[in-house]
Structures are given as C-alpha cells and as structure tokens.
Amino acid sequence: MANHLPTVAIVGRPNVGKSTLFNRIVGERISIVEDTPGVTRDRLYAKAEWLTRGFYLIDTGGIEDADTPFATQIKMQAEIAIDTADVIVFLTNGQEGITTDDEVVANMLYRSDKPIILAVNQIDDIHLKDNIYDFYSLGFGEPIAVSSIHGIGVGDLLDEVIHAIEQHQTLDYDDDTVCFAVIGRPNVGKSSLTNALLGEDRVIVSDIAGTTRDAIDTPFTYDKQKYVVIDTAGIRKRGKVYETIEKYSVLRAMAAVERSNVVLVVLDAADGIREQDKKIAGIAHEAGKAVVFVINKWDAIEKDEKTMLAFEEDIRDNFKYMSYAPIVYLSALTKKRIHTLFPLIRLAYDNHRRRVQTSVLNDILNDALVLTPPPLHNGRRLKVYYGSQVAIEPPTFVLFVNDKSLMHFSYQRYLENRIRESFDFEGTPIRILIREKE
Ligand code: GDP
C-alpha cells in the first residue's frame, strides 16, 4: 500500500467561499515537481498541513462550470467528496443564511457515512457570530464559524478536521499489497481492461464486505500476491455518467493515483494520442508513481511489422518526461497479451521501492564523473562530493555539491542516466535533489 495521506473535501453551493477557504488552508504550498502538463495548477487538489498532520485538500468547487445545471453540479461535487474524502467540510454562508441550495447539498451529504463538519463562512466579525445558530437545523451538529478572507476560525475548523481524521481511521490495505490505478480518458477501455484482468485464470477476487474504502476498489490475489485495482471508470457502474466532464475525471484520477503504487495509463490505439492523455499521464508522473503505458484496442487497428515501433516513437515523443514507463500493447476485448501486464505491474512496483547501496551508488557517481567531468562554467567546475538515496516511492537521491548553480540540467540528466543504467528503475521516476555541502 502506498503511504497515503487522508483526503479532506470542501463541499458547498457556489459562491459560499470554497476557493477562498481552500487557498487559505493550502497557502502557497502547492508543489509542482516539474513542468509537466499542468494539472496541479488547476488548484483542485493540494497538499496541506495542520499541527504536523498532512492531508490532501480538494476544492470540489473547482469543477464548477457554467454550462452544467446547478443540480448536476452539486450532485457531482457531493459524490466526489463522498467517494474520495475521509472527511468532508460542508461550507455555508453566514451572511446569507440557509438557502434551498444548502438544503440540496445537505440532502446529498445525509447519504454519506463519512464525518461531516459544518462550517459557516463570512463570519467576519464578532457581531455576526449569532448567525451561526440557524445552521444547527441542517442536522450536522455544531457549526463552526469561520472567515476565510480574514483567516478567523480556520484553526478551529482544522482542529476539528484533524480530530475527525483520527477518529475515523479508514481501513488500509496491508503494506505488501500492490495498489494500482487504471486511468485514462473516457472510452479508452479502462473498465474493459479491469474486467479482463480480474477475469484472468489465476485471479481470485476477495469478497470481504466492508473492508474496501471505496466501491471502486477491488482487492484480489494473483500468484499469491495481493493486489487492489482502483478503477476510476467504475463509478459508472453505479449509474453515474459525469466522467465526460474533464475536470471531474481529472479529480477522480488524482484521488485514485494518490492511493496507488503503480498507475496504468490507458491509451486507445485506434484513437491515437490526444491532449487529454498527456494531462492524465502528467497526474501520475507529478505524483511520482510507477507507471505502465497500456495501449489498448490493439485488435482494432491495421498492423504491419512497423506499427508497434511507430506507436512507441509516438508515445516517447508525446510523453518525453516519462521515458521510464514500459509500454504494453494489448486488447481488453480479445484478451490478447492481458497476462503480460501482471509481471510489468510487479516490476514497476518493485523498482519504485528499490533501495540502492550508498557505496555502490558512489562508485557509479565517481565513475560517471571521471568518464565525463562536469563542464567548466565561468572558469569554475562543479564538484559532486557524494550521493545518497534518501527515499523510495519514488527513489530519491541527494547529491552533495560545491555550488548548486554549477549543476546544469543536461549534466544532471547525464548522472540520472548513469544511475538508471546501473540499477533497475524501469517503470519508476527517480528524483535527484542537489544540496550544497556546508
Ligand atoms: P472506459 O470508459 O475507459 O472505461 O472504456 P470502456 O471499458 O467502457 O470501453 C469503451 C468502449 O471501447 C466499449 O465499447 C468497449 O467495448 C470498447 N473496447 C474496450 N476495450 C477494447 C479493445 O481492446 N478492443 C476493442 N476493439 N474495443 C474495446
């Protein structure tokens, strides 16, 4: 199981101040790892922290769009919160009072057994405080007064959030369970692929009611290894068809990716690569997950001996920053080559958790430095004193140098390539951090 942080979702009718509260809590701490097709920049989903407890915060208001009817939007937002969050913050507006729209949201949230914290926004000064009492009638217990603009009460709200997280520890999978997510744009064949995998000969689907966190999780074993597949399309099985709204599917994909070790990025051979594919793949990459590209519908295209190579070139060209991800060409429909996926998932999982010996790492760095010394820059030369692996999932290395500004992108790329040539990191991104030695 990937180390996963709890998720907190902010829900509420439009214009109660969800984004303001989101920004207030998250501050500027949104991390963008690399300049990959921007998804984190949508500000729907970000890491936050309170009293040393980390969590993910979702602004479900981020998926609002003017073309979707209000009722549908609220439903989508409530559903995404109910499906993906560990704790829900239901935000209302204390200056406007309870509206029928608030009641619609409340009705949706009654169906959830997740902890719900009711917050009343825009209580900007003390004489407005009495306004919160009306909100008891929504039936979510004591409302918490906040002013997102001024930051008043936000600390109290977060205390409650952390308390609720601690009270409501969700059941996680064992540490040695391989969790993988199946992501991709609508109709590439995510559900078909999941079903094909689950239909494989040696797959035994676990049927332990109540242990899954989410209806889209399917735990199973294959060759004595425990797996959980997180199917982002699975929501449709419950009759929900919002997947075509792009931001909604992006949010779902982010939540699924966060909880997985390995991500299968599904592409449609018949359709080719689209802009949205890049955005979706970027989610996995930015999250630092292991990735396998699955080219589905391989049955549906005309092929000759050059087709596979041409496809591979196309993928490498479109997903330049993900050259580590292996590619498998298969058909969920005819089941051709489905069985080749399990070994790749396993490989990616193992490599994502690989730890290398410091002494071996430094031998490799030294050899690389001797073979191609760093170029001179304004008469000065980069020195790399030593390196050390500081983390797994993904493997992360720190290189201690004399002067960070002398480390150029291309030289860092060279060192990364040498590390990759020496150890098996197929399927996983690796990160290299540069530090100056005191
Ligand atoms: P999802 O939206 O990504 O979950 O896609 P679905 O699994 O619902 O598949 C979308 C459509 O593609 C359906 O009509 C499937 O029957 C079809 N499909 C899925 N996999 C394959 C495949 O390997 N080959 C062909 N020819 N069609 C497929």
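The domain assignment divides the protein into domain 1 (7-167), domain 2 (178-352) and domain 3 (358-436), and the description that follows rests on a predicted model. Between domain 2 and domain 3, the C-alpha centres are separated by 31 Å, and the contact involves 12 residues of domain 2 and 9 residues of domain 3. On the side of domain 2 that touches domain 3, the elements contributing two or more residues are strand S12 (290-296) and helix H9 (341-352), with H9 supplying the largest share, 4 residues. In composition, this side of domain 2 comprises 8 nonpolar and 4 polar residues, and no charged ones.

The relation between domain 1 and domain 2 is described by the largest nonpolar core, which has 100 residues. Because residues of both domain 1 (7-167) and domain 2 (178-352) enter this core, it lies between the two. The members that touch the most other members are Phe-90, Ile-183, Val-263 and Val-265, whereas the largest share contributed by an element, 8 residues, comes from helix H6 (residues 246-258). For Phe-90, when neighbours within four places in sequence are left aside, the contacts are Val-11, Gly-12, Val-105, Leu-109, Ile-116, Ile-117, Leu-118, Ala-119 and Phe-140. A second core, separate from the one to which Phe-90 belongs, consists of 10 residues, among them Leu-382, Leu-399, Met-407 and Leu-415.

Leu-399, a member of this second core, also belongs to strand S17 (residues 396-401), where it shares the covered face with Phe-397 and Val-401, while Thr-396, Val-398 and Phe-400 form the uncovered face. Strand S17 pairs with strand S16 (residues 384-391) in the antiparallel sense, over 6 bridges, and within this pairing Val-401 of S17 is the bridge partner of Val-384. The hairpin formed by S16 and S17 has 4 residues between the strands, and Glu-393 in this hairpin adopts a positive phi near 55°.

Strand S17 is also paired with strand S18 (residues 431-436), in this case in the parallel sense and again over 6 bridges. Val-401, which is partnered with Val-384, stands opposite Glu-436 of S18. The connection from S17 to S18 passes through helix H11 (residues 409-422), and the resulting β-α-β crossover is right-handed. Strand S17 is thus described by an antiparallel pairing with S16 and a parallel pairing with S18, together with a covered face that includes Leu-399.

Note on methods
Residues numbered from 1 in each chain as written. Predicted model: local features only at pLDDT ≥ 70, side-chain atom pairs only at ≥ 80, totals over all residues. Domains from an automatic or database assignment. Contact = placed C-beta atoms within 7 Å. Nonpolar A, V, L, I, M, F, W, Y, C, P; charged D, E, K, R; others polar. Buried ≥ 20, exposed ≤ 12 C-beta atoms within 10 Å, placed from the backbone. Pairing = 2+ DSSP bridges. Right-handed = clockwise from strand over helix to strand, strands pointing away. Core = buried A, V, L, I, M, F, W, Y, C linked by C-beta atoms within 7 Å.
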